[in-house]
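Trainee: Please take a close look at one part of this model for me, the contact between its domains. I would also like to see what lies beyond that contact on the far side.

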Amino acid sequence: MSVSLLNNNYIICNAKVVNEGCVSQCHVYVHNGMIEGIYAASESLDSLPILSQVPVIDAHGQYLMPGMIDAHVHFRQPGATHKADMYSESRAALAGGVTSVMDMPNVNPPTVTNALLEERFEMGHRNMQCNYSFYLAATDGNISEIQKIDKSRVCGVKLFIGSSTGNLLISNDTVLEQVLSTEGLPLAVHAEDESMIQSNMQAYKIRYGENVPIQCHSVIRSREACVAATSKMIDKARKYHSQMHILHVSTANELQLLQKAACDNITFEVCPSYLYFCDEDYQEFGSKIKCNPAIKTAGDKLSLIQAAAMGAVSTVGSDHAPHLWAEKQQPYFSCPSGMPMVQHSMLILLKMVKQGILSIEQLAALTAHHPADIYHVDKRGYIREGYYADMILVDMDAAVEVNKNNIYYKCKWSPLEGKSFPASVTATFVNGVKVYDKGQFADNSLAMELKFNR
Ligand SMILES: [Zn+2]
């Protein structure tokens, strides 16, 4: 650990600490990057002799929450650093209250071996401004690499059941079953039925040529394709007792399947884009909101919101998937799917808190406690003594408008430009270092690799 981390001692007072289903007035003492003590605010600082010498950060009644652990980002490095890179996007993450990310393997070259994973950890070490880990992608040919993974270091295995960037689709059922039998590692699954999507694409190509109207995206990457793949994966996870985390659930039908399955080893993610947009928004946003799976109907959006409000959703991840503005202007088949979101997920969720849809305690569970539990992240995701001080301050009255001046993505655009949000993250602490403070970044981030207890 560096000297600056060792000297980093302070107490945050006058905060409403959000943790494990409660909001309590506390002082939080941070020492050497860790949460060393949590004291009821009724205790005066003077009565705590060890604390009388340390600097005080006055939270002025803001919420102090565990930072978001975003288990679904695409930072594009290596291979597409014209779109985004680890440094630019991890800084945007800090501004959005994200203290740890798990970065997806569909980079170039795709992360399909332990040697390539090692290279990405090296890049992360040099560039990441928030804590990080990386997925290995499962392919038809790399089961031996999956079996050699260091489970204490690698967040999980990504399974692309549908199509995505790069050729990472598992098409061989025997291989799929071997992957599903892997023990002790979360399998993060993109579930869309590839053959159904391909036949829809052909039909629309015949009808419209290259210029398929963007509204058709939800019909091409259809509800049926999502339901078929998710249903198949639920069955497989039950059969092989896989620890399966289904990513970006986008339909009410899949929610029903997942709720009916009620299986401890199956969890699922919802992304802010599907809580904020619906297919009626193609008119206003066009291909900016083209993503995979496609944004579905207003009814689906409502069901996802209700599921989150009822505590039925396991995690929220951003699916931060940046592309250049120019790339997003191309006709349907050339326009890449995905939108940048890591900086703005919390804004969408905090708005839901402000509207009374989610409680602030539920927000902490969806963004920090549950990702930490599902992935077995070591000493993060909670405000607990002995845990890393990965925390954010949230001001429920600090409204913000998203615009070019406050977007930190390398691609410099967001589908939310011009939109206002009533509450925002004002400060972010990573390993005890205040790395972000109302638009200002510290240059001494001490980001670390995540470790996993498995
Ligand atoms: Zn993704």
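Mentor: The domain bounds used here come from an automatic or database domain assignment. The model itself is predicted. That assignment gives domain 1 as three segments, 3-64, 390-397 and 411-441, and domain 2 as residues 67-375. The centres of the two domains, taken over C-alpha atoms, are 29 Å apart.

Now the contact. On the domain 1 side, 27 residues are in contact with 33 residues of domain 2. At least two residues of that domain 1 side come from each of strand 1 (10-19), strand 2 (22-31), strand 14 (391-395), strand 17 (424-430) and strand 18 (433-437). Strand 17 gives the most, four residues. Sorted by class, the side of domain 1 that touches domain 2 has 20 nonpolar, five polar and two charged residues.

Next, the sheet. Eight strands form an open sheet in the order 6-7-8-9-10-11-12-13, with parallel pairing. Strand 6 (68-73) and strand 13 (315-316) are the edge strands, each pairing on one side only. At the strand 6 edge, four bridges join strand 6 to strand 7 (residues 98-103), and the two run parallel. Within this pair, Met68 stands opposite Val98 in strand 7. Helix 8 (residues 223-240) packs on the sheet, where the helix touches strand 10 (187-190), strand 11 (244-246) and strand 12 (266-270). The direction of helix 8 makes about 165 degrees with that of strand 11.

Notes
Residues numbered from 1 in each chain as written. Predicted model: local features only at pLDDT ≥ 70, side-chain atom pairs only at ≥ 80, totals over all residues. Contact = placed C-beta atoms within 7 Å. Nonpolar A, V, L, I, M, F, W, Y, C, P; charged D, E, K, R; others polar. Pairing = 2+ DSSP bridges. Axes fitted to C-alpha atoms, helices over the stretch in contact; angles between N-to-C directions.
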